[in-house]
Amino acid sequence: MKKLTVISGKGGTGKTTVTANLAALADNLILADCDVDAPNMHLLMKPEVIEAEVFKGAKVAVKDQLKCIECGLCRELCNFKAITSDFKVDEIRCEGCGLCVAKCPSDALKLELEETGDLYYSQTKFAPMVHAKLKIGAENSGKLVSQVKEKAESLAQQQEKELLLIDGSPGIGCPVIASINGVDSVLVVTEPTKSGLADLKRVLKTVKYFNLPAVVAINKYDLNQEISLEIESFCRQIQVKIVGKLPFSKVIVEAMQQGELVVESAPESKVAAALKELWQELSYELRIKS
Amino acid sequence: MKITVLSGKGGTGKTTVATNLALSLTNVQFLDADVEEPNSYIFIRPDFGEEYQQVLRKVPIIDQNKCRACRSCVDFCEYNALVLLGEEVLIIKEMCHSCGGCKYICPKEAIREEDKEVGKIRVDKSVAGMEFWQGELNIGEASAVPVIEALNQKVSEDKTVIIDAPPGTTCPTIAAISDANYCILVTEPTPFGLHDLKMAVEVVKELGKPCGIIINRSEEDADKLIEDYASNEGISILTKIPFKREIASLYSQGTPFVEEMPEWKENFQEVFTKIKQVVG
Amino acid sequence: MKVAVTASNNTDLNVKIDLKFGRAPYFVIIDFDNDKVNFIDNSAKGATGGAGIQAAQTIVDQGVEGLITGNVGPKAFNVLSKANIKVYSAKEETIKEVLSKYKNNDLKEVAAPTNNGHAGM
């Protein structure tokens, strides 16, 4: 089984749309949406949930009001200002360090694992899919990403899938790192804008740091030819292959507005042809049949 | 007046709105609080010079002469930032959340705290008619919140403050909203845009902030998706930025579109007037 | 002398090793001096952060000289190397197979972390 993660550095470059279209083109695969902070793939894949589990990703202090003597020690000690003036725990501010628990003279506080999200295993038209949703304001998305990825990996092995296709998180922080850890290849979807290029450089540095093979696809490449050329020469310089160039196209946006995939709704369009070429290149890179 | 510009998802045009709005108004203080990927400087082009202010947090150091290797601190630390190797406690600073707990737990008073840099704040006091501040998170640091809180300290009450918030709905975004009088939610008319807008609305409502929507990449037929949702929720749509190749192309080269399309300045001034009517 | 191996189950030495370190379900501690085999639970398995470091602390406390596993991140590796514990990388095989390779010096000692972890957050 081969593992491919699609990332972008910057948001809004078309990462999820590209991933979903690749899923429609590939055979015998399983999908994982590791963009758990703002998961979007389900909007295009329309999954039917088969199995759901609760994710407990963080600890939080919980108080027994009956035992509390309102001495205020917890409020004084807390570095996160998570104890309110009426001695309640502010769950959004609490980082679960346990100092109040350890120091409370009346044993009124304890640390508990908090439900911070949900994990789903679903079926879609194209492939089975593992996805998740983090609660608003919840932290520790890196751990949830790891769980989504692990669950998808074990299902892929059980079901003898050829490909695990992962929609990664934006940015360069922990969730992204969790989503690329140990994969066979990383596809970076970028766009020819100044901020796109700046973020591409940062994210490729991260991928390189992990010794992972990276390839790049330029979305909307004809939006700014000059920056596209700059991206190409930058990639050549650091020996990263460009595996696809997708044109700026309203067709792809229109398909998305309808919740459809362009390779299905407009298979004859230029952008659909470019997506098919991209998939051929990728399957060659991954040594799987296209 | 403090206005935070946010979006549930990255890439919807949050920075486009924040920078173009700032360039259309007078007496502006701009705070780029998207400290993981600060990009507003590309459009405003500040000159920060060499100087910056450090943002610090506390991490423990151990006085090995006083430490009796009792392991209390190691067992206490919820973040696994402390390890006992034989007789010595090792501190893994990247894991430390600066709760200060180990210092209080140590029975031998062997733990003190020292400062560690988490990020930087830079300023150009006068660029493009505004005061421009930027926060940056150091690579390898996990939490952007201290940097954003340090930026919040810089707010001038007598200016119109525009804050470019980090995308998403987690703690850093909340930190960038917490002092705002008004939130502008930027979205696009796609199922992705709507989905992420709903998440942003949930956060803003939870914090009890008045808000309005700006639709970016607006298209007549598609906008209904957002408009229906907005009217159901009773949120007003402040303006719409059309889906035009010209605007996308100006963005790509780092040019704020109000510079090339000055009629848009009036449009943003009207947005500001609407906001003032709500906030009072 | 003792070595630790990450284990996918705790029944016997015919179970496969677990390629994860921090979040492996079990460790098996093998004492070559008296051929004692001891399975222990990995308390770091469900840690909200820093599982690798917490697991490294468990391994250090067992007083072993070597650890056989799949992948170790940088922070855990740093802890293990400071405690003079050698790390050997292995593929997905049974613990029995891995131990015989270890005895024949057929396992590769890892000189640097095998992956770069994910900051544990």
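How much area is buried between chain B and chain C, and what share of it do carbon and sulfur atoms give? In this predicted model, the area buried between the two chains is about 1,200 Å², and carbon and sulfur atoms account for 65% of that area. On the side of chain B, the residues that lose the most area to chain C are B:Asn80, B:Leu85 and B:Met95, which together make up 42% of what that side buries. Counted by residues, the interface brings 14 residues of chain B into contact with 16 residues of chain C.

The polar side of this interface can be described next. One salt bridge is found across the interface of chain B and chain C, and in the salt bridge between B:Arg71 and C:Asp61 the side chains meet at 2.5 Å, taken from N to O. Five residue pairs are in polar contact across the interface of chain B and chain C, with both residues of each pair at pLDDT 80 or more. Strand S4 of chain B, which covers residues 82-85, supplies four residues and with them the largest share of the side of chain B that touches chain C. When the residues of that side are sorted by class, ten are nonpolar, two are polar and two are charged.

Chain B also meets chain A, and the contact takes 44 residues from chain B and 52 residues from chain A. Here the buried area is about 4,100 Å², of which carbon and sulfur atoms give 58%. In chain B, the residues that lose the most area to chain A are B:Glu37, B:Phe192 and B:Arg245, and together they contribute 15% of what that side buries.

Across the interface of chain B and chain A there are four salt bridges. A salt bridge joins A:Lys250 to B:Glu219, with the closest N and O atoms 3.3 Å apart. The residue pairs in polar contact between chain B and chain A number 20, again with both residues at pLDDT 80 or more. The elements of chain B that give two or more residues to the side touching chain A are helix H4 (101-105), helix H6 (171-177), helix H7 (191-206) and helix H9 (245-252). Of these, H7(B) gives the most to that side, with eight residues. By class, the side of chain B that touches chain A divides into 18 nonpolar, 16 polar and ten charged residues.

Within chain B, helix H1 (residues 14-24) packs against helix H11 (residues 263-279), their axes coming within 8 Å and crossing at roughly 95 degrees. Because of this crossing angle, H1(B) counts as roughly perpendicular to H11(B). The residues that meet in this packing are B:Val17, B:Asn20, B:Leu21, B:Leu23 and B:Ser24 from H1(B), and B:Trp264, B:Lys265, B:Phe268 and B:Gln269 from H11(B). Their classes are five nonpolar, three polar and one charged.

In chain A, helix H1 (residues 15-25) and H11(A) pack at an angle of about 75 degrees, with their axes 10 Å apart. This angle is the reason why H1(A) is described as roughly perpendicular to H11(A). From H1(A), the residues A:Val18, A:Asn21, A:Leu22 and A:Leu25 meet A:Leu275, A:Lys276, A:Leu278, A:Trp279 and A:Leu282 of H11(A). This contact has seven nonpolar residues, one polar residue and one charged residue.

Over all chains, the structure holds 36 salt bridges. Among them, A:Glu281 pairs with A:Lys241, the closest N and O atoms being 3.5 Å apart. This pair links distant parts of the chain, with A:Glu281 in helix H11 (residues 270-286) of chain A and A:Lys241 in strand S9 (residues 241-245) of chain A, 40 residues apart.

The backbone of chain A remains to be considered. Most residues other than glycine have a negative phi. A:Lys46, although it is not a glycine, has a positive phi of about 45 degrees, and A:Lys46 is placed in the loop between helix H2 (41-45) and strand S3 (48-63) of chain A. A:Arg287, which is not a glycine either, has a positive phi of about 55 degrees, and A:Arg287 lies in the segment after H11 of chain A.

Terms used
Residues are numbered from 1 along each chain as its sequence is written. Chains are lettered from A and ligands numbered from 1 in the order in which they are written. This is a predicted model: local features need pLDDT of at least 70, side-chain atom pairs count only at pLDDT 80 or more; totals for chains, interfaces and linings use all residues. Side-chain values use heavy atoms; hydrogens and water are left out. Contact means heavy atoms within 4.5 Å. Buried area is the accessible area (1.4 Å probe) that two parts lose on being put together, summed over both. A polar contact is a pair of N or O atoms within 3.5 Å; within protein, one must be able to donate a hydrogen and the other to accept it, and residues adjacent in sequence count only if both atoms are side-chain atoms. Ala, Val, Leu, Ile, Met, Phe, Trp, Tyr, Cys and Pro count as nonpolar, Asp, Glu, Lys and Arg as charged, and the others, Gly among them, as polar. Axes are lines fitted to C-alpha atoms, for helices over the stretch in contact, and angles run from 0 to 180 degrees between N-to-C directions. Angles under 35 degrees count as roughly parallel, over 145 as roughly antiparallel, 65 to 115 as roughly perpendicular and the rest as oblique.
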